[in-house]
Amino acid sequence: MVCDRNCGLITGAVIGAVLAVLGGILIPVGDMLIEKKVKKEVVLEEGTIAFKNWVETGTEVYRQFWIFDVQNPEEVAVNSSKIKVKQRGPYTYRVRYLAKKNIVQDPKTHTVSFLQPKGAIFEPSLSVGTENDTFTVLNLAVAAAPHLYPSAFIQLILNVFIKRSKSSMFQKRTLKELLWGYTDPFLNLIPYSTPTTVGMFYPHHNTSDGVYKVFSGKNDASKVAIIDSYKDGASFPPFIEKTRVLRFFASEICRSFYAVFGAEVNLKGIPVYRFILPSMTFASPLQNPENRCFCTEKIISKNCTLYGVLDISKCKEGKPVYISLPHFLHASPEIAKTIEGLNPNQEEHSTYLDVEPITGFTLRFAQRLQINLLVKPARIIEALKNLKQNYIVPVLWLNETGTISDEKAEMFRKQVTEKINLLGLVEMILLSVGVVMFIAFMISYCTCRSKKVN
């Protein structure tokens, strides 16, 4: 009886040890299986999950606009007063709904090139008004004239056409005109070959971004969607660590951004990492040397010490365009001293990306930017001659946002999250049960041996 009992205890201990070892073995084996499956499915080639969702996103992406409606245009133009603005919005468009085109795989370099067609469909149900709503905004052509033509002689000629067209520092424009373009009356009078259509995003419709070229990840999954020449932030390489810096490119403002880990978030039952755009993105070149090429002059920037705005005029054919976070969030106080009506808010005006760390897929994002124009006094141009100070005038801010749909989220959970969780659960159960059984049987065995000796 004692022998049988001892044998049973030893057998139980052995079984427990085997289960523990099996659980321990399953952990690296399971991780290897997951890694192999993920690396296969994230490659940008025909037949993979990544490629299908990359060519034509199943997520509805919206771009919301808030327009800064100027309340005191005459007062500013005559007395160089502070500009009083009132934010109006959102006005929402659906964007990124067109599939990528001209897709070309290069098996030698393991890259894929493509064009991203542009389009925008107005969404009345998600907007506070219509595309025909009217705003008092900066006169884009008049404000840019002294920057594009610094010669006093040319400004003298331009002033004649500005006066003849009855143009001034500010103008009234509909939402549709301001965003997508209108024929400017001042430019339309110039008897030379010059573009006459002006708009914050003109040209947009029937145009394309690119050519983009990204790595497919075929030979190295750590390079999936990494830019070779442009990157849009739709996906990143798999197995993302919290210490990783994510970089993406915004073609309309000709610059790259980076995001750092902010928090762990649960998105529709899917654990994701939230990466945020740090304030250093818009820091002065003294604080962030990467921004030195966005400081192109010394006077406005006070010898490149001001922060919170970046000069992208080189990207906009010399037009005095500056970008910032909405409401000049994280900007030098001096930037906004000439503007009234701003209310920067970290939660509403910051940019973030929610990335699933195993696959590297971006499942939710909000990219927020403000577009401003620099206006300087111009002695020869009558519409600007009364100005006594420089203005960085906010025209609008936008939020481009998208979230994985409920249907896609359920599919993702079944294909990725739940399988990983189940495998992890099995591994831990086997390991835990094995260890507990081994310890329990060994304690029983030792107790039994002790009683036998006594």
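This is a stop-by-stop tour of a predicted model, with a selection to make at each stop.

**The whole chain**

Start with everything shown as a cartoon. The protein has 9 helices and 20 strands. Colour by burial next. Of the 454 residues, 48% count as buried. Switch on the surface. The accessible area is about 22800 Å², and 57% of that belongs to carbon and sulfur atoms. Now think about contacts between residues at least 6 apart in sequence: 64% of these join residues at least 24 apart.

**Strand 1 and its two partners**

Select residues 61-70. This is strand 1, and 10 of its 10 residues are buried. Show the side chains. V61, R63, F65, I67 and D69 point one way. Y62, Q64, W66, F68 and V70 point the other way. Both sets are buried.

Add residues 391-403, which form strand 20. Strands 1 and 20 run antiparallel and are joined by 7 bridges. To find the register, pick Y62 and look for T401, its bridge partner in strand 20.

Now add residues 83-95, strand 2. Strand 2 pairs with strand 1 over 9 bridges, again in the antiparallel sense. Here the pair to pick is I67 with R88.

**T136, next to the end of strand 1**

Which strand holds T136? Select residues 134-138: T136 is found there, in strand 6. T136 has a relative accessible area of 9%, so it is buried, the cut-off being under 20%. Show what it touches. Leaving out residues up to four places away in sequence, the list is F68, D69, V70, P73, F170, Q171 and K172. F68, D69 and V70 belong to strand 1.

**Helix 5 and a nonpolar patch**

Select residues 152-164, helix 5. Then select L148, Y149, F153, I154 and I157. Together they make a nonpolar surface patch of about 420 Å². Helix 5 supplies the largest share of the patch, 3 residues. Click on F153, which sits in helix 5. Is F153 buried or exposed? F153 counts as exposed, because its relative accessibility is 58% and the cut-off is over 50%.

Widen the selection to residues 140-162. An unreviewed UniProt entry places a "transmembrane region" here, as well as at 7-27 and 420-445. In the model, residues 140-162 are 87% helix and 0% strand. The end C-alpha atoms of this span lie 12 Å apart.

**Strands 15, 16 and 19**

Select residues 321-324, strand 16. V321 and I323 point one way, Y322 and S324 the other, and all are buried. Add strand 15, residues 309-311. Strands 15 and 16 run antiparallel, joined by 3 bridges. V309 has S324 as its bridge partner. Then add strand 19, residues 362-375, which pairs with strand 16 in the antiparallel sense over 4 bridges. Look at S324 once more: Q370 in strand 19 stands opposite.

**C315 in the loop**

Stay between strands 15 and 16. The loop there holds C315, which is partly exposed at 23% relative accessibility. How far apart in space are C315 and C254? Their C-alpha atoms are 5.9 Å apart, although 61 residues separate them in sequence. C315 touches E252, I253 and C254, not counting residues up to four places away in sequence.

**Salt bridges**

Side chains of opposite charge can pair when their charged atoms come close. The structure holds 11 salt bridges.

Select E382 and K163, whose side chains meet at 3.0 Å, N to O. E382 is in the loop between strand 19 and strand 20, and K163 is in helix 5, so the pair ties together parts 219 residues apart in sequence. E382 is partly exposed at 37% relative accessible area, and K163 is partly exposed at 48%.

Move to E334 and K302, a salt bridge at 2.2 Å, N to O. E334 lies in the loop between strand 16 and strand 17, and K302 in the loop between strand 14 and strand 15, so this pair ties together parts 32 residues apart in sequence.

Next, pick E317 and K319, which meet in a salt bridge at 3.1 Å, N to O. E317 is exposed at 67% relative accessible area, whereas K319 is partly exposed at 34%.

Finish with R63, R96 and E400. Salt bridges that share partners join these three into one network.

How values were computed. Residues are numbered from 1 along each chain as its sequence is written. This is a predicted model: local features need pLDDT of at least 70, side-chain atom pairs count only at pLDDT 80 or more; totals for chains, interfaces and linings use all residues. Side-chain values use heavy atoms; hydrogens and water are left out. Helices (H or I, at least four residues) and strands (E, at least two) are DSSP runs, numbered from the N terminus. Buried means under 20% relative accessible area, exposed over 50%, partly exposed in between (1.4 Å probe, protein chains only). Contact means heavy atoms within 4.5 Å. Accessible areas come from the Shrake-Rupley method with a 1.4 Å probe; for residues, only the protein chains shown count as cover. Two strands pair if DSSP finds at least two bridges between them. Patches are made of residues with over 30% relative accessible area and no salt bridge: like charges are joined within 9 Å, nonpolar side chains (Val, Leu, Ile, Met, Phe, Trp, Tyr) within 5 Å. A salt bridge is a side-chain nitrogen of Lys or Arg within 4 Å of a carboxyl oxygen of Asp or Glu. UniProt positions are given in the numbering used here, feature names are shortened, and annotations may be inferred rather than shown by experiment.
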